[in-house]
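Open the model in your viewer and keep the selection box at hand. This tour goes stop by stop, with something to select at each one.

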Amino acid sequence: MNLEKKLVVITEWLLNRPRIAGIFVFLFLLLLIGLFTNQRYQIIKENEHREMNNMLNAAKQNIEQSLRNSYTSALTLALTINDKGKPDNFEAVAGQLMNSGMHFKAVQLVPDGIIKYIYPLKGNEGALNSSVFGISKENTYRAKASIKARKMYFLGPSNLKQGGVGIVGRLPLYRNNKFWGFSAVVIKLDTFLKDVGVNVSKNDAYYFQFSKINVIDNKEEFYLPGSKDFSTKTYQKVSIPDGNWKLYIISNNKYSVLAQVISPSVFGVFLAILCSILVTQLLKRAEEKLLMESWVRIESLINTVDGIVWEAEPNNFEFTFISEKVQDILGYTAEEWLSSPTFWADHLHPEDKAWAVEFCVVNTKMNRQHDFEYRMIAKNGNVVWLRDIVNVISEDDKPILLRGIMIDIGESKRAAKALSDSFELVNEQNKRLLNFSYIVSHNLRSHTSNIQAISSLIEHTESEEERKEFIELMKTVSGSLNETLVNLNKVVNIQTSIDVIRDHLNLRDYIDRTINVLNDQIALKNATIINNVPGDVNVYYNPAYLESILLNFIFNAIRYSHPERTPLIELSCFYEKDHLVLYVADNGIGIDLEKHGHQLFGMYKTFNGNPDSKGVGLFISKNQIEAMGGKVAVESVINENTTFKIYFK
């Protein structure tokens, strides 16, 4: 008997025994609930452990930082001792330490173990002339151990001679390799605990406990309110060797984790009982077989729909059903999708995740059907555009189920983008065509009108001398016409070139070449050119275009230098989003952008009265930059500076 026949036999056996089937369902659900409860318990426990550990480590770091500050202050105080073993400027240095925000109660110098110098003295008179070796057995032991180890030690918390409870840090000092005494800092216990952020509030989920190990009797002494026996509670601890201290963090409620698990578990058990009863009742009905057959037909029909049909919970968007079409569109099987309660959100495109989830939450709470488009990451890593049409099913104005269909709209998105790109291309070409037609009609008409007028004058003049003058004038006009045609031909070549040769070019090398070409102009103007472009910056560009662009912008920076100062031209590059931008900055005469900015890159547009200016260079450079997929921008202050920004694609 093969597996399929065995399953049929078992199914028929269960269908004929509704109560046994109900028990099986209950046990199965109980097993799932147990697994879920255990997983939830482990997660909550792990989160509690992580939170306690973070709080404890933060407090420990604060304590260690306080001890380091105390060491630094004690060392600073020790530097006041002169060659004769007497402190210089003790009051001044101690005052600065007290005012430095360290929150010390006092600082001391203790020659030969006798407290001789205290600042401030007021309120600390009781400690003056006391011997650190006679205060207590523990103090004597720790002091001698510190002298032997030549290491600072921290005593306390303990009762201070001057009153109150505090911590004393003493750094042993030596002159000529002989023990001189101690440099010490005194910190009140409550100030110390406040500075390190130890929270003792019983209203919080956790509380701290601070203890010291007495080196004489090895007993642990506690100093904070609260229970000192927390063996039955969840806690963590760290040791601070410098003071023989231990810092504990204890959970206030040992049943908090169980409380978070019991309620869902009880509900799950109740649900399992309910489900078993329901299954039992359903199996008693003869119509069950018809229902199953009907569901199979519906599922088969759903899987033929050209879209992903789904159902989900409205409160957490956990999918309860997904059609097999998901594998055709996104590559995931239905089992993979349903294996994670957050699968949909986890596989949204990062740029769409936040708004898409929020959009669903808002519309679901309002019981509103919604339709939106977003991107998901397919199993193979591709980005897939989907249109999601969502139907919110409600009872008593409360959403109980979400049902929808996801449709692949990738082709329509690509078609829309292609149409948009084509429209932008046509629009740009139309602008260039209108601009070019204006240039052709304006400039050629100007030259031909001049030629026509001169021809008429030659025809009607009777003086041979005038005729010669008109002929010379005709040559000049025809030369200008030829120059115009050459310039127009350059523009046509740039705007009509489709497969422009490109190569990986080192930007700094090309700038250096341009500077060498303009060496005579640089020397003539005594200009300084600073090339700050790193040597590893490369651009994918047409070599001739790059040479022409750099030559135009650098030459213009030299040509339009300010007459009252030495020209300074600086080239640098930065990244703005996904564009490399070359900055060409000068300290020249500047441009009135408010007046001329809209015409700056126009053909034959000049604004400074320079007889050498023809208004062609910037026009051609702009066309070359745009032909390579970039753009150019300018910033300028009249009589101060100009900066051109060339964007490389």
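Helices, of at least four residues, and strands, of at least two, are DSSP runs numbered from the N terminus. Keep in mind that this is a predicted model.

**Stop 1: a loop residue**

Select His347. It sits in the loop between helix H10 (343-346) and H11. Now add Trp337, ten residues away along the chain. The C-alpha atoms of His347 and Trp337 are separated by 9.9 Å. Which residues does His347 touch, leaving aside its neighbours within four places in sequence? Show Tyr332, Met376 and Ile377: His347 is in contact with these.

**Stop 2: the cavity**

Rolling a probe the size of a water molecule over the atoms shows where empty space is left. How many cavities of 30 Å³ or more does a search of the whole structure find? The search finds one. Its volume is about 80 Å³.

Select Trp310, Phe317, Trp344, Cys360 and Leu402. Of the 13 residues lining the cavity, these are the closest to its centre. Next, colour the elements that give two or more residues to the lining:

- strand S10 (308-312)
- helix H11 (353-365)
- strand S12 (370-377)
- strand S13 (383-395)
- strand S14 (398-408)

Colour the lining by residue type too. Ten lining residues are nonpolar, two are polar and one is charged.

**Stop 3: two helices**

Two packed helices are described by the angle between their axes and the distance between the axes. Select helix H2 (residues 18-78) and helix H3 (residues 90-98). Their axes come within 10 Å and cross at roughly 165°. Angles over 145 degrees count as roughly antiparallel, so H2 is roughly antiparallel to H3. The crossing of H2 past H3 is right-handed.

Show the side chains at the contact. H2 brings Ser73, Thr76 and Leu77. H3 brings Phe90, Val93, Ala94 and Leu97. Five of the contact residues are nonpolar, two are polar and none is charged.

**Stop 4: two backbone details**

Most residues other than glycine have a negative phi, and most peptide bonds are trans.

Stay with the same helices and select Asn89. Where is Asn89 placed? Look in the loop between H2 and H3. Phi of Asn89 is near 55°, a positive value in a residue other than glycine.

Last, select Tyr119 and Pro120. Is the peptide bond between them cis or trans? The bond is cis, with omega near -5°. Pro120 lies in the loop between strand S2 (117-119) and helix H4 (137-149).

Notes
Residues numbered from 1 in each chain as written. Predicted model: local features only at pLDDT ≥ 70, side-chain atom pairs only at ≥ 80, totals over all residues. Heavy atoms only, no water. 1 Å grid on protein atoms, 1.4 Å probe; cavity = no way out; pocket = protein on both sides within 12 Å on 5 of 7 lines; lining within 4 Å. Points joined across faces, edges and corners; volume = space filled by probe spheres on them. Nonpolar A, V, L, I, M, F, W, Y, C, P; charged D, E, K, R; others polar. Axes fitted to C-alpha atoms, helices over the stretch in contact; angles between N-to-C directions. Parallel < 35°, antiparallel > 145°, perpendicular 65-115°, else oblique. Left-handed = near helix turned anticlockwise from the far one by under 90°. Contact = heavy atoms within 4.5 Å.
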